[in-house]
Amino acid sequence: MRILALESSCDESAVAVYDEAAGLLAHEIYSQIDLHRLYGGVVPELASRDHVRRLLPLVKSALATAATSPDQLDGVAYTAGPGLIGALLTAAALGRSLAFAWKLPAVGVHHLEGHLLAPLLENDPPPFPHVALLVSGGHTMLIDVAAPGRYELLGETRDDAAGEAFDKSAKLLGLPYPGGPELAKLAADGRASRFAFPRPMLDRPGLEFSFSGLKTAVALTIKEQTRAGTLDAQVRADIAAGVQEAIVETLIAKTLRAIDETGREALVVAGGVGANRLLRERLSASAARQGARVYYPRIEFCTDNAAMIAVAGLARLKAGGGESAAIQARANWQLSELGPLTVSTQ
Ligand code: KG4
Ligand code: ZN
């Protein structure tokens, strides 16, 4: 089985061709970072218009790279939600229309299921069951994954997502959008111990997160340093290191708690913040001490891409998930609404 997949839920236009036997044949990404940088964040209307411009050329080049003609395809997958509704509608309309024209089944994929199944693209895929830490720009969740498609939410953030905490702190430090990777870069020159930022909810039982207090603490520190005339390059790097340390430590502590409570021996880390090197290094080491192994997608498949939508879409199609002719797009969509799946981990 071979499918074409389209992703446009936020600020990346992406297309992939994936074959069940041969693996990933092509994946193309056009990032809108330069478009939104001027505004310090994603402008939904600009995102939608740019997806309209980029998606079809990406489809053509992905099919060419994969040496695949439409008659060699068995289906089309597109991200149906959750995300920015206007942005979602672009890949949904194009994907559904191509499937209609080519007389193929189409399937609307849950973006977070795509993130969760992204590590299946690696040579050493995670076993099921496992615990997943899903950390993106919009979500921070600990999920018990009993089997593909069976997602039980163990805990999530009460306010800001971890990626949002990175992005908002970066913005306060005057770093360009998207702030997460920029803050991580600046933190490399800083001393994490100089500023003790709050570790939200760490002292409380349970698996919930709260990151909104962090940005207040960062704003206050920057204000104090500015007033004292001491906000130099080193202090900025120290603040960045302190923020990264607080977020990473909180994520790790709760994740270890989830491993402990569920007794699972494998952990998947998915979503954009999963690209953070400090998180990857520390989590692998501390999970190993607790007898669990951590599985990550490669860095480029942590952030938004269509390869992960292809993997999830193919599994959904095989499970009989091909839809009617309707174009599906949902800004809000709970993972718990999904049904079980079977996926092959070769
Ligand atoms: O999964 P993703 O690409 O998009 C969403 O579905 O939200 O995640 C984007 C988030 C942004 O908040 C970005 O700043 C963060 O992931 N991010 C990072 C790093 N790379 C991306 N945060 C910390 N360190 C990184 N290296
Ligand atoms: Zn995402």
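Leucine 4 of strand β1 stands opposite valine 76 in β4. The model is predicted. Leucine 4 also has a partner in β2, where valine 17 is bridged to it. These two contacts introduce the pairing of β1.

Strand β1 covers residues 2–7. Four bridges join it to β4, residues 75–81, and the two strands run parallel. Pairing with β2, residues 12–19, is antiparallel and rests on six bridges. The connection between β1 and β2 is a hairpin of four residues. Burial of β1 is complete by count: six of its six residues are buried, so the strand is largely enclosed by the rest of the structure. Both faces are covered. Arg2, Leu4 and Leu6 are buried on one side. Ile3, Ala5 and Glu7 are buried on the other.

Strand β2 was examined next. Alanine 16 of β2 is the bridge partner of alanine 5. Alanine 16 also stands opposite histidine 27 in β3. Strand β3 spans residues 23–31 and pairs with β2 in the antiparallel sense, over eight bridges. A hairpin links β2 and β3, with three residues between them. Eight of the eight residues of β2 are buried, so this strand too is largely enclosed by the rest of the structure. Glu12, Ala14, Ala16 and Tyr18 point one way from β2. Ser13, Val15, Val17 and Asp19 point the other way. Every one of these side-chain positions is buried, on either side of β2.

The zinc ion (ligand 2) was considered separately. His111 and His115 each coordinate it through NE2, and Asp304 coordinates it through OD. The coordination distances run from 2.0 to 2.1 Å. In sequence, the donor residues follow the spacing H-x3-H-x188-D. Histidine 115 and aspartate 304 link distant parts of the chain, 189 residues apart. Histidine 115 belongs to helix α4, residues 111–117. Aspartate 304 lies in the loop between β10 (293–295) and α10 (307–318). Both histidine 115 and aspartate 304 are buried. Four donor atoms surround the zinc ion (ligand 2), and they subtend angles of 93 to 141 degrees. A tetrahedral assignment requires all angles to lie between 85 and 135 degrees. The arrangement is therefore irregular.

Internal space was then surveyed. Rolling a probe the size of a water molecule over the atoms shows where empty space is left. The count comes to one cavity of 30 Å³ or more. About 30 Å³ of space lies in the largest cavity. Its lining consists of Leu116, Leu117, Phe128, His130, Ala132, Val145 and Tyr151. Helix α4 and strand β6 (130–135) are the elements that give two or more residues to this lining. By class, the lining residues of the largest cavity divide into six nonpolar and one polar, with no charged residue.

Note on methods: Residues numbered from 1 in each chain as written. Chains lettered and ligands numbered in written order. Predicted model: local features only at pLDDT ≥ 70, side-chain atom pairs only at ≥ 80, totals over all residues. Heavy atoms only, no water. Buried < 20%, exposed > 50% of the residue type's maximum accessible area, 1.4 Å probe, protein only. Pairing = 2+ DSSP bridges. Donors = N, O, S within 2.8 Å, 3.2 Å for Na, K, Ca; no water. Tetrahedral: all angles 85-135°; square planar, octahedral: opposite > 155°, others 65-115°. 1 Å grid on protein atoms, 1.4 Å probe; cavity = no way out; pocket = protein on both sides within 12 Å on 5 of 7 lines; lining within 4 Å. Points joined across faces, edges and corners; volume = space filled by probe spheres on them. Nonpolar A, V, L, I, M, F, W, Y, C, P; charged D, E, K, R; others polar.
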